[in-house]
Structures are given as C-alpha cells and as structure tokens.
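This report looks at how two helices meet, how the chain divides, and where empty space is left. The structure is shown first, and the description follows.

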Amino acid sequence: MTSFSESLIGWYSHNKRDLPWRDTKNPYNIWVSEIILQQTRVNQGLNYYYRFIEKFPDIQTLAKSDINVLLKLWQGLGYYSRARNMHVTAQEITKNLNNKFPSNYNELIKLKGIGDYTASAIASISFNKQTPVLDGNVFRVMSRLYGIAESTQTSSGKKVFKEKLLEIISKKEPGTFNQAIMEFGALQCVPNNPNCQNCLFIKSCFAYNNDMIRDLPLKKPKINQKDRYFNYLLITHGNATFVEQRMKNDIWKLLYQFPLIETTKKISLVEIMKDKKWKSLFGSIEPEIDLKVFEKKHILSHQKIHAQLFKLKINKPNEYILNNYKMVQIDELHTLGVPRLLEIFIKQIIN
Ligand code: SF4
C-alpha cells in the first residue's frame, strides 16, 4: 500500500510550482529563500530572492557586505530584523564555522534568526534530516487531515503536531516531504474552499468526513494592534534634507527616517510646534511651513502607524540639527534604506 508520504510526494512532483530554490540543496540558498518567505507571499518574495542572490551570491559576500546595502535591498519586505539577523549569522558562519552551515537542527537553531521552522527546513532539504517543518500551511493540512484540534500558539500544541509529523515524514526524502506538505497547503488544502473534490486524501480526511473544514485548524487569537502616531518633518535646506538612522530596539532598526516626533494621539502642527524636539530643531528660527500635510496609515502585524508628514524649509540649520542628523541631497534619498511608509511618502512628495 502506498504510504501517505509517498502519495503526497507523488502529488508534489506533478503539481509543484517551479521556484528557483527548488533546484538546489545549497543551504545558503535554502536559508535565504526560507527567511525571505517568512511573512511574505511567494510572488512578492521571488523578486527579492533573485535580487538577493545576485547581490550576495554566497555567505562570504553577505558577511562582508555593508548592512545598509542589505537593508536597502530588503526595503519593502518588512520585518527588517530578518535582514539584520542574516547579516550577523553570515558573519558567524564565515568567522567561526569555516563558511559552512551546520548540518543538523541543534546547531542550526543556535544561529541568530534561525528558529525551529528554518532549522528544520535547512536540515531536511540540504542535509536529508528527518526534521518536520511546521508553518501555517502544514498546520492547516495536519489539523484537517488528522483532526488535530490543538493550537500552534502553545508549545504543547506544537508538540502534538510535531509528533504526528515525525510519524509520517518520509524517511528517504524528508526534505521533499516538507516541501510537498507546505505546497499542498498552499495550493490544495487552502484556508477557504479547499479543493476537496480533487483531493487524494478525501477518503481519510478527518475534517472532510466530519464536516469540520471550517472549524479546523483552530483560529489564532486576534492580535491587539497598538496605535502609534508618527509626525515626520521633511526639513529642506536648498537641495538637501536631514535624516537619522533608527538605532533603538524598535521597529525599523537601522533604517533611515526624517526627524520624527512621536505622539500618543493625532495632533495638529500647532501642537507639534510646542514639542521639545521641535524647539531643539528650530530654536528661535521660524521655518517656512508648507500647509499641505501628507497623511498615511501603515499597518504592521502588531502596530498601526498613523503618520503625518510636514514639509518645512529653513535657510540655515542650527547646531542641533547638524549634530544629530545627517544632511543628504534630496536626489540621493533613494539610495538609503527607509521604511516602506517613508518610501511611499518620498515618491509622493519628491519624485
Ligand atoms: S479533503 Fe479537503 S480538507 Fe481534507 S486534506 Fe483534502 S483538501 Fe484538505
């Protein structure tokens, strides 16, 4: 009798999408693709993957690169800590691991930015280890097929999924099995209206046979998004403007931004002018203010950013601005890594 893993791998060989990281077992390429694809759809990630591999074809090139160049390439993908962690890991591998990725899960997971999912993917795809991956697609397929009503938000729930996966993973081709089950979730057993009528597993599928497709997998608890209010000041001085690099452990670390005044609610420019930072930026000089205010709402996974951007002109920057901000030519702004939110503002206002 054909086992579940054989049937699944058979399905995969006929239905898989042709993606560049599927032609290789090179752990560097697998790592890059897996990190890019976390929180990113394949269509969007594909271009980033091509550009990444072209710019940083191997771990040594990545390790030697300027982090700002990497962040610029990453611009628009979000979750910038992924890029920063990749840089750290590339340096660790070149300095201490002889340019080679570890070949097992326990060593892989020690590297920065490599969690359970990525360690399992690299160990199985590149080194043929039986380490099942558990992502949203796998979670859904397993939950429906086997009627597992456990949450993946808890370690006990994850353990149940992992144990079942360890029972069924292909012993011969664990990497292909992992890719197959993820692809099956992405193409066939999709969240809404899965293609059950053409499914190989219709006879044995728990959810189908118990009319529980809408109930499985268990829904994730809703995330409470925090509202933040960012007031950017685009200060121009001739053809130049001023930016700073975000250094705190917060969203968008190491990306550039215009001088920012964050407030606890939406406020008007008149109120912003009373802020301490405004006073430091302008002192007694009165900038020329453009009355058009640019506004944008930007949604992140845990935060909702309500942004306003004000355009101001000054004749002469004071000491505070010169000491705390970097002066850049406006036509060079596009070379800096900035959050997607600012990229949109810049396109809207300057280009
Ligand atoms: S029968 Fe439907 S719910 Fe069950 S595995 Fe197949 S596609 Fe998913």
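In this predicted model, helices H5 and H6 make a right-handed crossing. The axes of H5, which spans residues 67-74, and H6 come within 10 Å and cross at roughly 145°. On the H5 side the contact is made by Ile67, Leu70, Leu71 and Trp74, which meet Arg82, Ala83, Arg84, Met86 and His87 of H6. Sorted by class, this contact between H5 and H6 comprises six nonpolar residues, one polar residue and two charged residues.

At the level of the whole chain, the protein is divided into domain 1 (4-132 + 159-190) and domain 2 (226-349). The C-alpha centres of the two domains are 36 Å apart, and their contact involves nine residues of domain 1 and 15 residues of domain 2.

Where does the second largest pocket lie with respect to domain 1 and domain 2? Both domains give residues to its lining, so the second largest pocket lies between them. The space in this pocket amounts to about 420 Å³, and of the 20 residues that line it, Gly78, Tyr79, Tyr80, Trp252 and Leu300 are the closest to its centre. Helix H6 (81-96), already described through its crossing with H5, supplies at least two residues of the lining, as does strand S6 (294-299).

A search of the whole structure for cavities of 30 Å³ or more finds one. The largest cavity holds about 140 Å³ of space, and among the 14 residues of its lining the closest to the centre are Phe184, Cys189, Cys196, Cys199 and Cys205. Helix H9, residues 136-146, gives the most to this lining, with three residues.

The table sets out the residue classes of the two linings and of the helix contact.

| Group of residues | Nonpolar | Polar | Charged |
|---|---|---|---|
| Lining of the second largest pocket | eight residues | eight residues | four residues |
| Lining of the largest cavity | eleven residues | two residues | one residue |
| Contact of H5 with H6 | six residues | one residue | two residues |

Read by row, the lining of the second largest pocket has eight nonpolar and eight polar residues beside four charged ones, whereas the lining of the largest cavity has eleven nonpolar residues, two polar residues and one charged residue.

How values were computed: Residues are numbered from 1 along each chain as its sequence is written. This is a predicted model: local features need pLDDT of at least 70, side-chain atom pairs count only at pLDDT 80 or more; totals for chains, interfaces and linings use all residues. Side-chain values use heavy atoms; hydrogens and water are left out. On a 1 Å grid over the protein atoms alone, a cavity is a set of points where a 1.4 Å probe fits but cannot get out, and a pocket is an open set with protein on both sides within 12 Å along at least five of seven lines; lining residues have an atom within 4 Å of a point. Grid points are joined across faces, edges and corners, and a volume is the space filled by probe spheres set on the points. Helices (H or I, at least four residues) and strands (E, at least two) are DSSP runs, numbered from the N terminus. Ala, Val, Leu, Ile, Met, Phe, Trp, Tyr, Cys and Pro count as nonpolar, Asp, Glu, Lys and Arg as charged, and the others, Gly among them, as polar. Domain bounds come from an automatic or database domain assignment. Axes are lines fitted to C-alpha atoms, for helices over the stretch in contact, and angles run from 0 to 180 degrees between N-to-C directions. A crossing is left-handed if the near helix is turned anticlockwise from the far one by less than a right angle, and right-handed if clockwise. Contact means heavy atoms within 4.5 Å.
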